[in-house]
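Colleague: I am new to this structure. Please take a close look at a single part for me, the place where two domains meet.

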Amino acid sequence: MIAIFFGNFVSVLSTTTINIAVPLLMNHFHSHLNAMQWMVTGFMLATGVTAPLAGYLGGRFSYKRLYLFALMGFTMFSLLCAIAWNPTSLIVFRMLQGSCSGLIMACTMTIIFQVIPAERRPFAVSLWSLSAMVAPAIGPTFSGWLLQYASWHWLFLINIPIGIIAIILTVTLIPYYRMNVPKSFDIPGFLTVVLGSLSLLTAFSQGNSWGWSSWKTLLLILVGIVLLVYFVLHELKAEVPLLNLRVFRNRRFTAMLSIYSLVTIAMYAGTYLTPLFLQTVEGATTLKTGLILLPSSILLALLSPIVGKMYPKFGPVKLISAGILFISIGLFMMSRLHTNVSYSFVMWAMVVRNLGIGLANVPSSTASMEEIQVEWSGHATSINNWVRNVLSSLGIAVFTSILSTRSLLHSKELISSGAGNADSIRLLSFTMGVNDVFVVGSIIVLFGLPLMFLLRKKRSVISVQSAG
């Protein structure tokens, strides 16, 4: 768990530190939001695209070796991000970094479910989640301090020593093992899932600028859907599938993955837009932004092990239901933003939101794997990461498009009503657009509540293989 903690920590740290730097990087590279958004969504997409490979590669080479390879690649691409010379090079290196991050997350979760005894897994998962929560807890404040007193390059250079520590710990502390060595690699499955995911993300990312009814947007959406439908049909028939989609026959896994995905999508509304609002509208420095987000991030970190201990007593339904309600309330509070809003209001709204995320994250990820046979856990975690990260990428793309569309609409309305000068209209319309996105996020997460009815009491472990 020590080796897993450091690897997962550095992977998530690189995701959280960069959000505060988006406005600064826009100025540094003389770029616009849609381009810099790809630095975030490209990373998430690459994370999701490589996740399906983890099941095959982990079985072929062992999860220890794959984890080690991913850590080495992540550390190397962090260095390349630090020396990026234009927006394109930064986005490309970030996507390569994200591809390694996807393997890291899939490997660490799989190792937990394959090596650690069943009775200790909820607490082990809470420690895994803690590593993912400590990074957001210190990430915004730490990156704000770095951006204030150093430069954006250090957001990536800081990953190098942590990555080296994780590599050394992995070599010495994680055992070598292999299960179910695959006979062949599913090339058609890999190509269709990658191209299908890329098509959908590109369509949703560029839909606002191209027009949602333009032939390019509609064609990419159609191509993405067709390729992913083909991927599903192919995987169900393949002798050695890239992803064993038969795990979806397990109702508990399917329901928990759906809930986890909704929570993740809603979570990125706050993670991505709050720093942008504070710096763009309120004029907060990067350090000030980090300090405002610090209390909610610390709460999230502290909740992970506590919820892990609570899980055996309360079960997933009560904890996740409470979490969803708190997330929705926190996001709705954030939809009441206005120019000159108090920093304390933003802080408390984020505290409420993160309380919900803390209550929902560990139970949903633990419960999704409880009925999956241990030798199929690699496929299950790969599917989990692929679905969650691709939906997160689409969520960020859609949120950005909604923000642009609604801001433009509000701007036209304010101009026609003679509400003020150009600068005040720009800030006010942007704030109103941000509020609209938070309302959408607060509604999206509530769709997780009806899925609770699909859950049943935990029973003995089901053999997914026999279910197929």
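Modeller: One term comes first. A polar contact is a pair of N or O atoms within 3.5 Å, where one must be able to donate a hydrogen and the other to accept it. Keep that in mind for the interface below.

Remember also that this is a predicted model. The mean pLDDT of the protein is 81. A score of at least 70 is reached by 92% of the residues.

Now the layout. The protein is divided into domain 1 (1–185), domain 2 (187–237) and domain 3 (243–456). The part to look at is the interface of domain 1 and domain 3. Their centres, taken over C-alpha atoms, are 20 Å apart. Domain 1 brings 45 residues to the contact, and domain 3 brings 48 residues.

How much area is buried between domain 1 and domain 3? The value is about 3900 Å². Carbon and sulfur atoms give 70% of that area. What does the rule find there in the way of polar contact? Across this interface it finds zero residue pairs in polar contact, counting pairs with both residues at pLDDT 80 or more. The salt-bridge rule also finds zero across the interface of domain 1 and domain 3.

Which helices build the domain 1 side? Four helices each supply at least two residues to it: α1 (2–28), α2 (33–61), α4 (87–115) and α5 (121–149). Helix α5 gives the largest share, with 18 residues. By type, the side of domain 1 that touches domain 3 has 29 nonpolar residues and 16 polar ones. No charged residue is found on that side.

Where, then, is a salt bridge found? The count for the model comes to one. Asp436 pairs with Arg406, and their closest N and O atoms are 2.8 Å apart. Asp436 sits in helix α14 (residues 422–446), while Arg406 sits in helix α13 (residues 377–417). The two residues are 30 residues apart, so the pair links distant parts of the chain.

A last word on confidence. Among the elements, helix α3 (residues 63–82) has the highest mean pLDDT, 91. Helix α16 (residues 464–467) has the lowest, 41. Over residues 458–468 the pLDDT is below 50. Beyond near neighbours in sequence, that stretch has 23 contacts in the model.

Definitions and conventions. Residues numbered from 1 in each chain as written. Predicted model: local features only at pLDDT ≥ 70, side-chain atom pairs only at ≥ 80, totals over all residues. Heavy atoms only, no water. Domains from an automatic or database assignment. Contact = heavy atoms within 4.5 Å. Buried area = accessible area lost by both parts, 1.4 Å probe. Salt bridge = Lys/Arg side-chain N within 4 Å of Asp/Glu carboxyl O. Polar contact = N/O pair within 3.5 Å; in protein donor to acceptor, adjacent residues only side chain to side chain. Nonpolar A, V, L, I, M, F, W, Y, C, P; charged D, E, K, R; others polar. pLDDT = per-residue confidence, 0-100.
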